[in-house]
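Grab your viewer and work through these exercises with the model loaded. Try each task yourself before you read the solution below it.

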Amino acid sequence: MKKDLLKLLDLSKEEIIEILNLADQMKYNLKHGISHDVLKGKTLGMIFLKSSTRTRVSFETGMYQLGGQALFLSSNDLQIGRGEPVEDTARVLSRYLNGIMIRTFAQEEVDSLAKWSSIPVINGLTDFSHPCQILADLMTVREYHSALEGVKIAYIGDGNNVCNSLIVGALTCGMKISVATPKGYEPHADILKFAEKFGDDFSLVNCPAEASANADVLYTDVWASMGQEEESQKRMKDFAGFQVNDEIMAGAHSKAIVLHCLPAHRGEEITAEVFEKHANSIFDEAENRLHAQKAIMALLMK
């Protein structure tokens, strides 16, 4: 593993599989009462410039289960929220902590923090990427399909940070992925350039039914992410027809699973009926954030 986890574009297939294998082992250990306090005495600083239920609870719980402790640090708790240069914050925290998780807006903030830190930095989410979520997603797909190679996943909705990272993770691991977004909401240009080399394993369309045809996994996310509330009404109109519903599910394989990174807005990006029918896979996915992130911390901070 590299020193940091900043984005999935930085990881090879072998490194992703290493994380997933360790996550599987840690999930097994936890459920069978097997001690795995590999980070005993170590401390993770968690910087939250964007709030989150799952990210905070899963990282904090994960550090506890690994034998360490986690410190919650909001912008109100740090001088970085009052104008201290990130290079100073990074070097100070490196003297106190064993690792940093940051959830923020710009990818550049995470990259700069890692540049100046002498300890591992984990990207808990930026507007560009969400690597921890996608590692949990891949873990979940592998649990349901036994492997990743050749599995087709259809992503329907906004070409956001989750979509960006899902494209990278899926293609790197030998999956096929079809993305359906409204015009003007396509994934980041850097991600589309990355996907070009995978040929027919990747497709970008504006028709959800085309994307979901013969899919093994359907994936969706909210139409308006944090910070986009002011444009939510416009997005509701633009995304009309991009709901995961019974009609879309009919074109997928009969045993297709549904994933959603949560929170879910029933009646918008997914119907309540489809959500509840596939609640097991969605909440397995949510649980796997804990195990995937434990594996990441163990590999980077041990």
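## Exercise 1: the five-stranded sheet

Five strands make up an open sheet, ordered 7-6-5-8-9, with parallel pairing. Keep in mind that this is a predicted model.

**Task.** Find which strands are the edge strands of this sheet, then look at how strand 8 is joined to strand 9.

**Solution.**
- Step 1: Start from the order, 7-6-5-8-9. The edges are strand 7 (202–205) and strand 9 (257–260), each of which pairs on one side only.
- Step 2: Check the twist. On average, neighbouring strands here are turned by 20 degrees against each other, direction ignored.
- Step 3: Zoom in on strand 8 (residues 217–220), which runs parallel to strand 9 and is joined to strand 9 by four bridges. Pick out Leu218, and you'll find Val258 as its bridge partner in strand 9.

## Exercise 2: the four-stranded sheet

**Task.** Work out which strands stand at the edges of the open sheet with the order 2-1-3-4, and which strands helix 4 touches.

**Solution.**
- Step 1: This open sheet has four strands, and the pairing is parallel. Strand 2 (69–74) and strand 4 each have a single partner strand, so one side of each has no neighbour in the sheet.
- Step 2: From one strand to the next, the twist averages 20 degrees.
- Step 3: Helix 4 packs on this sheet, touching strand 1, strand 3 and strand 4, and its direction makes about 165 degrees with that of strand 4.
- Step 4: Now walk across the pairs. Strand 1 (residues 43–48) and strand 2 run parallel, joined by six bridges, and Leu44 stands opposite Ala70 in strand 2. Strand 3 (residues 99–103) and strand 4 also run parallel, joined by four bridges, with Arg103 opposite Leu125 in strand 4.
- Step 5: Trace the crossover: strand 3, helix 4 (residues 107–116) and strand 4 build a right-handed β-α-β unit.
- Step 6: Check the cover on strand 4 (residues 121–125): five of its five residues are buried.

## Exercise 3: two residues and their surroundings

**Task.** Decide whether Ile47 is buried or exposed, and do the same for Phe59. What does each one touch, leaving aside residues up to four places away in sequence?

**Solution.**
- Step 1: Ile47 sits in strand 1. Its relative accessibility is 2%, so Ile47 counts as buried.
- Step 2: Beyond those sequence neighbours, Ile47 touches Leu73, Leu78, Leu93, Ile100, Met101, Ile102, Arg103 and Leu113. With Leu73, the sequence separation is 26 residues, yet the C-alpha atoms are 4.7 Å apart.
- Step 3: Phe59 belongs to helix 2 (residues 53–65). With a relative accessible area of 0%, Phe59 is buried.
- Step 4: The contacts of Phe59, with the same kind of neighbours left out, are Leu44, Met46, Met101, Ile122, Cys132, Gln293 and Met297.

## Exercise 4: the cores

**Task.** Which members of the largest nonpolar core touch the most other members?

**Solution.**
- Step 1: That core has 57 residues, and the ones touching the most other members are Ile122, Leu135, Ile167, Ile177, Tyr219 and Met297.
- Step 2: Take Ile177 as an example. Its contacts, not counting residues up to four places away in sequence, are Ile153, Leu166, Ile167, Ala170, Leu171, Asp201, Phe202 and Ser203.
- Step 3: Another core lies apart from it, with 23 residues, including Ile156, Phe242, Met249 and Ile282.

## Exercise 5: cysteines

**Task.** Why is Cys163 not bonded to Cys261?

**Solution.**
- Step 1: Search the whole structure for disulfides, and you get zero.
- Step 2: The closest cysteine sulfur to that of Cys163 is in Cys261, 11 Å away, so a bond is ruled out by distance. A disulfide would need the sulfur atoms within 2.5 Å.
- Step 3: Compare accessibility: Cys163 is buried at 1%, and Cys261 counts as buried at 7%.

## Exercise 6: backbone oddities

**Task.** Where are Ser146, Asn214 and Pro263 placed, and what is the backbone doing there?

**Solution.**
- Step 1: Recall the usual case: most residues other than glycine have a negative phi, and most peptide bonds are trans.
- Step 2: Ser146 has a positive phi of about 70 degrees. Its place is the loop between helix 5 (131–145) and strand 5 (152–156), and at 67% relative accessibility Ser146 counts as exposed.
- Step 3: Asn214 has a positive phi too, near 60 degrees, and lies in the loop between helix 8 (208–212) and strand 8.
- Step 4: The Leu262 to Pro263 peptide bond is cis, with omega near 0 degrees. Pro263 is in the loop between strand 9 and helix 11 (272–277).

Key
Residues numbered from 1 in each chain as written. Predicted model: local features only at pLDDT ≥ 70, side-chain atom pairs only at ≥ 80, totals over all residues. Heavy atoms only, no water. Pairing = 2+ DSSP bridges. Helix = DSSP H or I, 4+ residues; strand = E, 2+ residues; numbered from the N terminus. Axes fitted to C-alpha atoms, helices over the stretch in contact; angles between N-to-C directions. Core = buried A, V, L, I, M, F, W, Y, C linked by side-chain atoms within 4.5 Å. Buried < 20%, exposed > 50% of the residue type's maximum accessible area, 1.4 Å probe, protein only. Contact = heavy atoms within 4.5 Å. Right-handed = clockwise from strand over helix to strand, strands pointing away.
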